[in-house]
Each structure stands twice: as structure tokens, then as C-alpha cells.
Amino acid sequence: MKKQKYIFKELIDEIKEMYLDGGSEAFYKDNGWCLYAKTDKLGLKSECYVLPYPDVDDDDNEELPEFAVQNGLEFIYRDEMLQDVIANAVDEDEDISDKKLLKAIEYYDEYDTFMDIE
């Protein structure tokens, strides 16, 4: 990703554009990241952060990146989930709105399956 701090809409738009420009191959250029925020209920205007994956200690406990801990952030989504949901939705409707993309992300997070885009 290009930066660390985003408004969720900006991140959605960046992933969508990345997919439209380079297909799913474009996603592999990133080094792997996770989305963190102060709340797990994100709206399009929510502030969020792209940070590394949590580390896993010897007891299989996840340790959030230091920036997340210092700023009271919690883990929200993995890069692959956001990219897959957005790519799937764009495949169904290339002109999909950000509101529908947000709904598709929330749907996947709740039901672990893709939402039908109408």
C-alpha cells in the first residue's frame, strides 16, 4: 500500500483501482498487511491504518505491531480478505459504488462468503 494512514474509503478505492489496472496479480506486489482501527465497525469515513501482520509468539499468541498497541488500535481485516471481496464485487459490477463495496466487505466478514451484487 502507498501509505500507512487511510480513510477507509481511500483504501477501498486504492484496492479497486489496483485491481482494475493490474488484476489480481497487482495484489502480490504488496508485502502483506493488515488493517487496524480503533473500532471494528468501519464506515467509509473511518480512520484506519495499514500495518504489518501481527507476530505470533512461542505460545501462539498474536502480538500486534507496536504502533497499533501504542495507539489503541485493534486488528480488523487481513489484506487478502479485503482484496478478494473487492475483486469479486468489481468482477460483478465494474462501476460498483463505495457504499456497496462496504456492504460486501461487511457481508463477507459476517457470513464468510461473497455477497451477490445486484
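Accessible areas here come from the Shrake-Rupley method with a 1.4 Å probe. By that method, the chain exposes about 7,300 Å². Carbon and sulfur atoms supply 43% of this area. The model is a predicted one.

**Overall build**

The chain holds 4 helices and 6 strands. In sequence order they follow the pattern β-α-β-β-β-β-α-β-α-α. Along its principal axes, the C-alpha trace spans about 45 × 30 × 25 Å. A compact globule of 118 residues would have a radius of gyration near 13 Å; the chain has 14 Å, so the two agree. Of the 118 residues, 40% are buried. Among contacts with a separation of 6 or more, 61% join residues 24 or more positions apart.

**Strand β2 and its partners**

Strand β2 covers residues 34-37. It pairs with two strands, β3 and β6.

| Partner of β2 | Residues | Sense | Bridges | Facing residues |
|---|---|---|---|---|
| β3 | 47-51 | antiparallel | 3 bridges | C34 opposite L51 |
| β6 | 74-78 | antiparallel | 4 bridges | L35 opposite Y77 |

Which way do the side chains of β2 point? C34 and Y36 point one way, while L35 and A37 point the other. Why such a split? In a regular strand the side chains alternate between the two faces of the sheet. Are these four residues of β2 buried or exposed? C34, L35, Y36 and A37 are all buried.

**Charges**

The chain carries 13 positive and 33 negative charges. The mean positions of the two sets lie 10 Å apart.

Technical notes:
Residues numbered from 1 in each chain as written. Predicted model: local features only at pLDDT ≥ 70, side-chain atom pairs only at ≥ 80, totals over all residues. Heavy atoms only, no water. Buried < 20%, exposed > 50% of the residue type's maximum accessible area, 1.4 Å probe, protein only. Pairing = 2+ DSSP bridges. Rg over C-alpha atoms; globule rule 2.2 N^0.38 Å. Contact = heavy atoms within 4.5 Å. Lys, Arg positive; Asp, Glu negative; His and termini not counted. Charge placed at Lys NZ, Arg CZ, Asp CG, Glu CD.
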